[in-house]
Amino acid sequence: MKSDMTKGAIAPILIKFMLPLFIGNLFQQFYNMVDTLIVGRYVGTDALAAVGATGTIMFLILGFANGLATGFTVLTSQSYGAHDDKRLRHSIANAVILAVIVTLITTMVSVISMKSILRMMNTPDDIFDYAYSYIITISYGICASVFYNLGASILRAVGNSKVPLYFLIFSACLNVGLDFVCIVGFDLKTFGAALATVVSQGISAVLCFIYIYKKQRSMWPERSDWHLEARDTSHQLRVGVPMALQFAITASGTMIMQAAINLFGSTAVASFTAASKIQGLITQGMPSMGQTIAAYAGQNFGAGRYDRLKDGIKNSMIIMTVYSVVAAVLSLSLLEPAMHLFFDSAQDVAVHLPWAIPYIRFCAMCYIPLSAIFIFRNMMQGCGFGFLPMMGGVVELVSRAIMAVLSMKLMIYELASACDPAAWLTTGIFTFVAWLYVAPKIEKMFVGRQITSTENQMK
């Protein structure tokens, strides 16, 4: 189930690796959307708005923790590309230990600060209790998300994108069943939706690590590997911390955007939530290609194949340009019929469309820059460069903040709904320029590595 991405035609390799990730991300979005659908239909519009109002907070918490976990496995990918089995095993053990520490700290900080964060984000009073019940449960279950993402990232680092998909599909189906049991059966409302998500992700995490232990024993750390080692810890933190901060910075911008949306009332929040869920489903090709490029870059960087890094950029941009055009057409044409899924028959969807349409229209125009962000950002991260991708997160934050503040000052909803596309456009340009700066440095590193190898052979 492993895959060597340092050889062969690039486009087929990228597409073959990406497709399971794409399907998996669709299922991930699906069971996040199921929470929203069932809450909206069986609890009410206020509960739907509450789940939407906490989405950016959840992205901040889980994005930070999972950014660290994903960053930790870049070393695993590079070790696999370099055929260094001993370091590969230790990188996994080191990553697990660091993930435990990250989980404990993140959980504690999230639980303590949650009510203050909700107040700071202008969460409407009529949905506050629902929102707190949902997000505090997610906070207590951070470990489930972190370790699923860590296990899946370990498998992807060695070219296995199929097995995480199988576990995720099982987990998504389980989540749907638990949603009906907790929300419809036991009337647990937003707490039930969050509980179903945490349990489902926890089971996915357990299955990933059981698979690695049972089926990939050559990767499983030996007893002597289970300790923090200075060199690997430094490498993993050097990549993981900027990735986590990039997630956190990006999430901070989306929180500011959500604070602006919240000022327009629970109807606007519910409408925006439904529209963003629809768009999130349609645009999952972008993060899927990002995950593909991270594994591809890690392996080829470890193998010293700079030529394949350049060709990987070219091939992935062609693939994602086509995908972006198709995604734009789908998001615009499917918005109205899909909105009916989020509200019960008593709700007039026409009331929600004026809030949903501007957001989707603005976003559809910027799907190509969004694709570029994932490609250039993950290419740099896969090669071990974390600072400039993190600064891309700063560009996203500033762009969203400017639009959100203008929206709050002028009370113009369209400005708030333009926060995401403005961030994608500016950051897409930034990450492209950042890659042009980083690429010669990577090439120089490879030339130096080849000279050293030649000198050693002569000796």
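## A guided tour, starting at Ala418

Select Ala418 to begin: with a relative accessibility of 12%, this residue counts as buried, because any value under 20% is placed in that class. Please keep in mind throughout the tour that the model on your screen is a predicted one.

With Ala418 still selected, look along the chain on both sides, and you will find that the residue sits in the loop between helix 17 (413–417) and helix 18 (419–458). Which residues does Ala418 touch, if those up to four places away in sequence are not counted? Show the side chains of Phe362 and Met403, for these are its partners. Then add Leu341 to the selection and draw a distance between the C-alpha atoms: Ala418 and Leu341 are 24 Å apart in space, while 77 residues separate them in sequence.

**The whole protein**

Now zoom out until the entire chain is visible, and colour it by secondary structure. The protein has 18 helices and zero strands, and its C-alpha trace spans about 80 × 45 × 35 Å along the principal axes. For a compact globule of 459 residues one would expect a radius of gyration near 23 Å, and the 22 Å found for this protein agrees with that. Of the 459 residues, 58% are buried, and if you turn on the surface you are looking at an accessible area of about 18200 Å², with 68% of it belonging to carbon and sulfur atoms. When contacts between residues at least 6 apart in sequence are considered, 85% of them join residues that are at least 24 apart.

**Helix 2 and helix 3**

Select residues 45–53, which form helix 2, a mostly covered helix in which eight of the nine residues are buried. Among the buried ones are Thr45, Ala47, Leu48 and Val51, and Gly52 and Ala53 at the end of your selection are buried as well.

Next add residues 55–72, which form helix 3, and compare the directions of the two helices: their axes come within 4 Å and cross at roughly 30°. That angle makes helix 2 roughly parallel to helix 3, since angles under 35 degrees are counted in this way. Where do helix 2 and helix 3 meet? Display Val51, Gly52 and Ala53 on the side of helix 2, and Gly55, Thr56 and Ile57 on the side of helix 3, and you have the residues that meet there. Sorted by class, this contact holds three nonpolar and three polar residues, with no charged ones.

**Helix 4 and helix 5**

Continue along the chain to helix 4 (residues 74–81) and helix 5 (residues 85–120), whose axes come within 8 Å and cross at roughly 170°. Helix 4 is therefore roughly antiparallel to helix 5, as angles over 145 degrees count as such. To see the contact itself, select Leu75, Thr76, Ser79 and Tyr80 in helix 4, which meet Arg87, Leu88, Ser91 and Ile92 in helix 5. By class, four nonpolar residues, three polar residues and one charged residue take part in the contact of helix 4 with helix 5.

As you look along these helices, a general rule may help: an α-helix has 3.6 residues a turn, so residues three or four places apart point the same way.

**From Asn122 to Tyr132**

Move on to Asn122, in the loop between helix 5 and helix 6. Its phi angle is near 60°, which is a positive value in a residue other than glycine, and at 31% relative accessibility Asn122 counts as partly exposed.

Then select Tyr132 in helix 6 (residues 128–140), a residue that is partly exposed with a relative accessible area of 24%. Apart from neighbours within four places in sequence, Tyr132 is in contact with Met114, Lys115 and Leu118. For a longer view, add Gly428, which is 296 residues from Tyr132 in sequence and 34 Å from it in space, C-alpha to C-alpha.

**The last two stops**

Is Ser145, in helix 7 (residues 142–157), buried or exposed? Select it and show the surface: Ser145 is buried, with a relative accessible area of 2%. Its contacts, leaving aside neighbours within four places in sequence, are Leu62, Asn66 and Gln201.

Finish at Lys189, in helix 9 (residues 189–215). Lys189 also has a positive phi in a residue other than glycine, here near 55°, and its relative accessibility of 27% makes it partly exposed.

Key:
Residues numbered from 1 in each chain as written. Predicted model: local features only at pLDDT ≥ 70, side-chain atom pairs only at ≥ 80, totals over all residues. Heavy atoms only, no water. Axes fitted to C-alpha atoms, helices over the stretch in contact; angles between N-to-C directions. Parallel < 35°, antiparallel > 145°, perpendicular 65-115°, else oblique. Contact = heavy atoms within 4.5 Å. Nonpolar A, V, L, I, M, F, W, Y, C, P; charged D, E, K, R; others polar. Rg over C-alpha atoms; globule rule 2.2 N^0.38 Å. Buried < 20%, exposed > 50% of the residue type's maximum accessible area, 1.4 Å probe, protein only. Areas by Shrake-Rupley, 256 points an atom, 1.4 Å probe, with all protein chains shown as cover.
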